[in-house]
Amino acid sequence: MSIEDQLVARESDGSIHAFKPPKGFNAKRALYITAPVLREITGKNTNVDFHKCKMDIERVFDSWVKGDEFRVSAGGPGKGAVLAKLDPPPDGVWELRITEPKTQFRVFCQFAKKDVLVATAIENRNVLGNKYTASGKFAAEWQRVMHSSINTWNRLFPGLAPAGGLDLNSIISGWTDAVRD
């Protein structure tokens, strides 16, 4: 079964939900949100609800589906990037960075195909902490969320690897800047 067929099947069974662009805009890219991520963003008594960050997250999602230009990092710290590939294994995990307001969130995603992201996990940036320990190792909390994200992908799309590669043009339209440091 193709990734397109899998996306339709997962949306039909309620495992994922398509994020729609704001009224008056056509979708130029796609974003699917898993049911747990959607509950975290829209539910009551969640971390997102507590910090009143739903609109900030939706603003980044709107920007993605409308096809706005994005600063992207394909590796390294990627300071200033809105979408960044996470370096350590597992491969194929990206983060959408919600950096406004003060309480930040990270939405962990995989590319199903060019311009199609699937959001598989979300975490408060303060909970994640630093990406690297003092000894230079990738922090356990980041590893936990990344592995959870890829495990969710594997449950949703068994046998299908996320789209990848370091050629940003093969997976993203309209990126403006390949941020490296």
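Which residue lies over the face of Trp-64? Arg-29 does, at 4.4 Å from the ring centre. The close-ups below come from a predicted model, and we will return to Trp-64 in the third and fifth views.

**View 1. Strand E7 and its covered residues.** Here we look at strand E7, which spans residues 116-124. This strand is mostly covered, with nine of its nine residues buried. Two pairing partners of E7 appear in this legend and the next. One is strand E2, residues 30-34, which runs parallel to E7 and is joined to it by four bridges. To find your way along this pairing, start at Leu-31, whose bridge partner in E7 is Leu-117.

**View 2. The E6–E7 hairpin.** Strand E6, residues 105-113, pairs with E7 in the antiparallel sense, over eight bridges. A handy landmark is Phe-105, which stands opposite Asn-124 of E7. The two strands E6 and E7 form a hairpin, and two residues lie between them. Do pause at Asp-115 in the turn: its phi is positive, at about 65 degrees.

**View 3. Trp-94, Phe-111 and their ring cluster.** Across the whole structure, a search finds eight aromatic pairs. In one of them, the ring centres of Trp-94 and Phe-111 are 5.3 Å apart and the planes meet at 85 degrees, so this pair is edge-to-face. Since Trp-94 belongs to strand E5 (residues 94-98) and Phe-111 to strand E6, the contact ties together parts that are 17 residues apart in sequence. Both Trp-94 and Phe-111 are buried. Follow the ring pairs outward and you meet a cluster that links Trp-64, Phe-70, Trp-94 and Phe-111.

**View 4. A tilted pair, Trp-153 and Phe-157.** For these two rings the centres are 4.5 Å apart and the planes lie at 50 degrees, so the pair is tilted. The label follows because only planes over 60 degrees apart count as edge-to-face and those under 30 as stacked. Are the two residues buried or exposed? Trp-153 has 0% relative accessibility and therefore counts as buried. Phe-157 likewise counts as buried, because its relative accessibility is 0%.

**View 5. Charged side chains over tryptophan rings.** Two such arrangements are shown here. Arg-29 sits over the face of Trp-64, 4.4 Å from the ring centre, and Trp-64 is one of the residues in the ring cluster of the third view. In the other arrangement, Lys-131 lies over the face of Trp-142, at 4.9 Å from the ring centre.

Terms used. Residues are numbered from 1 along each chain as its sequence is written. This is a predicted model: local features need pLDDT of at least 70, side-chain atom pairs count only at pLDDT 80 or more; totals for chains, interfaces and linings use all residues. Side-chain values use heavy atoms; hydrogens and water are left out. Buried means under 20% relative accessible area, exposed over 50%, partly exposed in between (1.4 Å probe, protein chains only). Two strands pair if DSSP finds at least two bridges between them. Rings of Phe, Tyr and Trp (its six-membered ring) pair if their centres lie within 6.5 Å; planes under 30 degrees apart count as stacked, over 60 as edge-to-face and the rest as tilted. A charge sits over a ring if NZ of Lys or CZ of Arg is within 6 Å of the ring centre and within 35 degrees of the ring normal.
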